[in-house]
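Me: Could you walk me through this model? I'd like to go from the contact between the chains to the sheets, and then to a helix.

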Amino acid sequence: MKRPFILIMVAIFLLPLAVRPAIASEIWIFAIFGLGLNLLLGYTGLLSFGQSTFFGSAAYVAGWLMKIHGVNAFLALGIGVGVGAASAAVVGYLCVQRSGLYFIMLTFALNQLFYFTAYQWTSVTGGEDGMPGVPRPALLGIDFKDPLIYYAFVSLLFLFCLWLMKRIVESPLGKILQAIRENEVRAEAVGYNVPRFKLLAFVIGGAFSGLAGVLYAMLFGIVPLEAISFVFSGNVVFATLIGGSGSLYGPVIGSFVFIWLSESMSTVWARWPLLLGMAFVIVVLFLRGGVVEAWHKLSLKFFLRK
Amino acid sequence: MKILETRKITKSFGALTAVNGVSLAIEAGSLHSIIGPNGAGKTTLFNLLTGTFPPTSGSIIFDQKEITGTPANRIAHLGLARSYQRTTVFPAFSLFDNAWVAAFATGKSWNGLMWKPSGGFPEASERARQALHDVGLEGKSTQLAREISHGEQRQLELAIALAAAPRVLLLDEPAAGLSPDETRKMVALVRALKGRYTIVLIEHKMDIIMSVSDRISVMHFGSLIAEGTPGEIQKNPEVRRAYLGGVAA
């Protein structure tokens, strides 16, 4: 356990030296988003293709309140968590009634529903142009307009989320969710209300997504329409799979790879998604456990050989 | 005292009536076997008793209370636990975790469900250890369920049911697919559990049934055709007809 934590601390300190603070912040924000998805995908075995529903809803609601009503950052983040959890409760309630392909299509379809609502409701969301003018209000006298200070704030929140998720997956709840992934019939028979536990995973995942959504809106000062689109839903699944959905740190590494690649390569090479596509193919064909599994295999090969 | 009872219980799937007006009474503390040819409706009867689906008609009484239609996840909390004919375990879990998940479900308290480390529930851990000990797998508790042999998986199947600390144990062909040697071990195991739990046993292997049962009920085409002690069942002409077809009759 100690080593991943040290690596993450080192990364937090070194990252602003390597990339712009905005991108560094984006990496940890996206990692929070990924942690929430991974509770569903990696632990419960539910592929949700609609995580941006919670991310985007929270970003719009909290962004609007900050912009129009001057709500402070702390309250906005809390509201974002609440909106993320509440929207996940509604979507999750409908989705857990079905399983397999139908479940996936429901998460996707409901995501589209939210997307088109945002698209049409131009007076609030700005439609295709996004909702600009989201402020970054000061908190307890700390001015978040300085990108490095905001980066530090995001990093702290990320560490808190990581710690929280670690507690959750190591608690009985984490075991129960994994038991559902392993064998739903038996999990039900030994005495767990499976749909209710799936819903709980949705709500927790939605809360994480909501937090990430508000941080994202504050980071760029705008809620783009993509924030609630299937593109974002797909990206977080993509990043989590590349990092490794089987482990707690998978989505963190995935977010690192995904954001870093997309931000650094997009300025150099217009066809950069090709690289992501290749990485994805390699993961699916050879490395189902993603980067985390690759790391385990490598360390077994090189460091533990006598 | 009767601990588990069915009253004219029927289950139809469309035109097929899998269980047809079955009335059973299980004495507390006994080992009651249900036998019958393939497709007689034995497993469907178990699925009804454990709430996998509700009966089309009739009622189920457990410990003087009507439990007809109670969903599967509540049944375990009432004190009814089952094992499956087809191995139904948690493959990527260690044997200990397999039993632990079942023990925690029916544990006294879920306080700390979301934040307390799962090691911090001594009652559940102790029950899981005891269940593995009872089936003779305590030495392999850290191995993964998918990595042990079929025979051991059948033992684990039983351990998961035991970990729930049930009052009635429903065993669906515990010796399915076992070698003669493994079967002998399983029989010894079931015999050791006899008396500690009320057991309802579905089995195909006649020698097992005859040697361990207190009472036997015989099902054929969804209906109960006979009930009695092993001696009575062995002499029953209708049972012979059901099993051997017209030839021996």
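**Between the chains**

Reply: A good place to begin is Glu157(B), which forms a salt bridge with Arg186(A), the closest N and O atoms being 2.3 Å apart. Please keep in mind that this is a predicted model.

Me: How many salt bridges cross the interface of chain B and chain A?

Reply: The rule finds two salt bridges across that interface, and the pair of Glu157(B) and Arg186(A) is one that joins the two chains.

Me: And how many residues are in contact there?

Reply: On the side of chain B there are 32 residues in contact with 24 residues of chain A. The area buried between the two chains is about 2300 Å², and carbon and sulfur atoms give 63% of that area.

Me: Which three residues of chain B supply more of its buried area than any other three?

Reply: Those are Asn73(B), Phe90(B) and Met114(B), which together supply 26% of the area that chain B buries against chain A.

Me: OK, new topic, the sheets. What is the strand order in the sheet of six strands?

Reply: The order in chain B is β6-β7-β8-β3-β9-β10, in an open sheet with mixed pairing. At the edges stand β6 and β10 (223-228) of chain B, each with a single partner strand, so one side of each is left without a neighbour in the sheet. Neighbouring strands of this sheet are turned by 20 degrees against each other on average, direction ignored.

Me: Which strands run parallel to β7(B)?

Reply: Strand β6 (residues 80-82) of chain B is joined to β7(B) by three bridges and runs parallel to it, and Ala81(B) stands opposite Leu169(B). Five bridges join β7(B) to strand β8 (residues 198-202) of chain B, also in parallel, with Ile199(B) in β8(B) as the bridge partner of Leu169(B).

Me: Is β7(B) enclosed or open to the outside?

Reply: Five of the five residues of β7(B) (residues 168-172) are buried, so the strand is largely enclosed by the rest of the structure. Val168(B), Leu170(B) and Asp172(B) point one way from the strand while Leu169(B) and Leu171(B) point the other way, and all are buried.

Me: Which helices lie across β7(B)?

Reply: One of them is α1(B), which lies across β3 (31-35), β6, β7, β8 and β9 of chain B and runs at about 150 degrees to β7(B). Helix α5 (residues 150-163) of chain B lies across β6 and β7 of chain B, at about 155 degrees to β7(B).

Me: What else does α1(B) lie across?

Reply: Helix α1 (residues 42-49) of chain B also lies across β1, β2 and β4 (57-62) of chain B, running at about 115 degrees to β1(B). Those strands belong to an open sheet of four strands in the order β2-β1-β4-β5, with antiparallel pairing. Within that sheet, strand β1 (residues 2-13) of chain B pairs with β2(B) over eight bridges, and Thr17(B) in β2(B) is the bridge partner of Ser12(B).

Me: Last one, chain A. Why does the length of helix α11 look right?

Reply: At 1.5 Å a residue, the 14 residues of α11 (residues 230-243) of chain A should span 20 Å, and its end C-alpha atoms are 20 Å apart, which agrees. The helix is mostly covered, with ten of its 14 residues buried, including Phe232(A), Val236(A), Phe238(A) and Ile242(A). Just after α11(A), Gly244(A) takes a positive phi of about 125 degrees.

Methods. Residues numbered from 1 in each chain as written. Chains lettered and ligands numbered in written order. Predicted model: local features only at pLDDT ≥ 70, side-chain atom pairs only at ≥ 80, totals over all residues. Heavy atoms only, no water. Helix = DSSP H or I, 4+ residues; strand = E, 2+ residues; numbered from the N terminus. Expected span 1.5 Å × (residues − 1). Buried < 20%, exposed > 50% of the residue type's maximum accessible area, 1.4 Å probe, protein only. Pairing = 2+ DSSP bridges. Contact = heavy atoms within 4.5 Å. Axes fitted to C-alpha atoms, helices over the stretch in contact; angles between N-to-C directions. Buried area = accessible area lost by both parts, 1.4 Å probe. Salt bridge = Lys/Arg side-chain N within 4 Å of Asp/Glu carboxyl O.
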